[in-house]
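This briefing covers the fold of one chain and its contact with a second chain. The structure comes first, and the points follow by topic.

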Amino acid sequence: MGDGGESGWVLCPSPIAYSLLPTPGMIKLVGVEKTLGGQPVLRGVDLTIPKGKLTTIIGPSGEGKSVLLKHMIGLLQPDRGEVWVDGMEISHLRGKALNEVRKRFAMLFQSAALFDSLTVFENVAFPLREKSRLPETEVARRVEEKLEQVGLSGMGHKFPAELSGGMKKRAGLARALVMEPEIILFDEPTTGLDPLMARTIHDLIVAMHRTFGFTAVMVSHEIPEIFPISDWVAMLKDGKIVAMAPSADFQKINDPAVREFISAGGTVSLTSSCPGS
Amino acid sequence: MLIGLLARIGRVTLFVIQETGRMLIFLVATFAWLFRPPLRPFQIFKQLHFIGYKSTFVVVLTAAFTGMVLGLQGYYTLRKFGSEAVLGSVVALSLIRELGPVLASLMVTARAGSAMTAEIGIMRITEQIDALDTMAINSLQYLISPKLVAGLIGVPLLVAMADVVGIYGGYLVGVDLLGGNPGAYWSSIESAVEWKDVYGGILKSISFGLIVSWICCYKGYHTRMSAEGLGTATTEAVVLSSVLILIWDYVLTSVLL
């Protein structure tokens, strides 16, 4: 099996062929299969996530995009197949070894998954207090800095129940960023938000990605909004990756399933801000 | 027809075996994480406050009225045989051996156990448990281990309190209201209650504390991802904990006697 850290992987043994990835792969899934509740969800997923890029996974609802994301961080283990993170196969790891891998990750959940018994400040400070030995003054400084970056200055004393959906997502983003991880997974970060707030969250993700240079994997339904902000786009259908390409090229794919999904999302328009263009 | 019935029995049997295995693995894993750093004394005190201190009122109330009923029933029954003098020992032995541990544990199950299941279940549904795991913080160690320790410490303390309050409840009715002899009440307790009775009560309360926190945490941790699933998990947690307490009470009593 190939090394996950190998440069210039060719990975797209899917019906639609793809070019060589321009950067080394950070995460690589090989033949991943998963059945949940007797229902096959992933049926042999092959996917490479390029390092330092923002890759968006699209696909119909209920196809297992979130399940796929959870395999990348070891929250779920595949029934068959391999999951590589920066050259290390993680699907067999448990306990401390898995935690070491997870320290390189952060995840923004669909529901933001803020701890409802803690304030926004305590939520953002939580990973720092648990996983670092920083003095409390430094923790406070970093938390305030992150809250300011996501536009939540002065909101640290509020509880999650007092926040709007968009504010929760921003607080979740601040918590994801505070440990300065190498990889951040975004599970439908704009679900349930109005279009303006969704754009704000997307802009925030792009700005943070450009500032910190982390590898980002985003699951989203927001078409065409995801095209200008993504470097790469992959489509999951029938439990497999059926298409993956640089964002600008993805919209030229002539596969009927891809065309149908994209056109159902609205008129595709690229802007000059597209990082992949 | 017969094959269908046999298949159904087989499926149920397999499910029970699998579920029991999963529950035991959950318990062992939680205990294993308990002894690994970082130790979380603050979390344990917090849970002790929730399971122990906050259950005090309902446990004291239950114990007081149980003792009073024992005093009332015991006084009139014993008077038929001219044995009112042993009322104290009847009340005390009933409470220390059986009613104190069982009733206090059932009250803790109803008040704190159901709340534990609901709290952990909501954390599961809203992905807060997944969030802990993604931060490389073991959710069993952070969430479950402190609750297990709090159950093991908190329930015996509540049971001790219930025993004392219940004995005073029996005194209130048997002596103060019905005119029994106060000296006879206390001296019969002193002569009848042995260390073996107290030891048995403590052993029962520790094991009941473990059952409550173990079952309720397990059901919450493995809640199905829906509101209905959470409701079912909470009901199952309370019912299973209560039934197991009663069964285990019988087993322990038969061993201890």
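**Sheet and chain contact**

In this predicted model, chain A contains an open sheet of 6 strands with mixed pairing, in the order E6-E7-E8-E3-E9-E10. E6 and strand E10 (240–246) of chain A are the edge strands; each has a single partner strand, so one side of each lacks a neighbour in the sheet. From one strand to the next, the twist averages 15°.

**Pairing and packing**
- Strand E3 (residues 54–58) of chain A pairs with strand E9 (residues 232–237) of chain A in the parallel sense, over 4 bridges.
- Within this pair, Ile57(A) is opposite Ala234(A) in E9(A).
- Helix H5 (residues 165–177) of chain A lies across E6 and strand E7 (183–187) of chain A.
- The helix H5(A) runs at about 175° to E6(A).

**Chain A overall**
- Chain A has 9 helices and 10 strands.
- Of the 277 residues in chain A, 48% are buried.
- Among contacts in chain A with a separation of 6 or more, 68% join residues 24 or more positions apart.

**Contact with chain B**
- Chain A contributes 15 residues to the contact and chain B contributes 10 residues.
- On the side of chain A that touches chain B, the elements giving two or more residues are helix H2 (95–102), strand E6 (105–108) and helix H3 (120–131) of chain A.
- The residues on that side of chain A comprise 9 nonpolar, 2 polar and 4 charged.
- Strand E6 of chain A thus appears both as an edge strand of the sheet and among the elements that touch chain B.

Terms used
Residues numbered from 1 in each chain as written. Chains lettered and ligands numbered in written order. Predicted model: local features only at pLDDT ≥ 70, side-chain atom pairs only at ≥ 80, totals over all residues. Contact = placed C-beta atoms within 7 Å. Nonpolar A, V, L, I, M, F, W, Y, C, P; charged D, E, K, R; others polar. Buried ≥ 20, exposed ≤ 12 C-beta atoms within 10 Å, placed from the backbone. Pairing = 2+ DSSP bridges. Axes fitted to C-alpha atoms, helices over the stretch in contact; angles between N-to-C directions.
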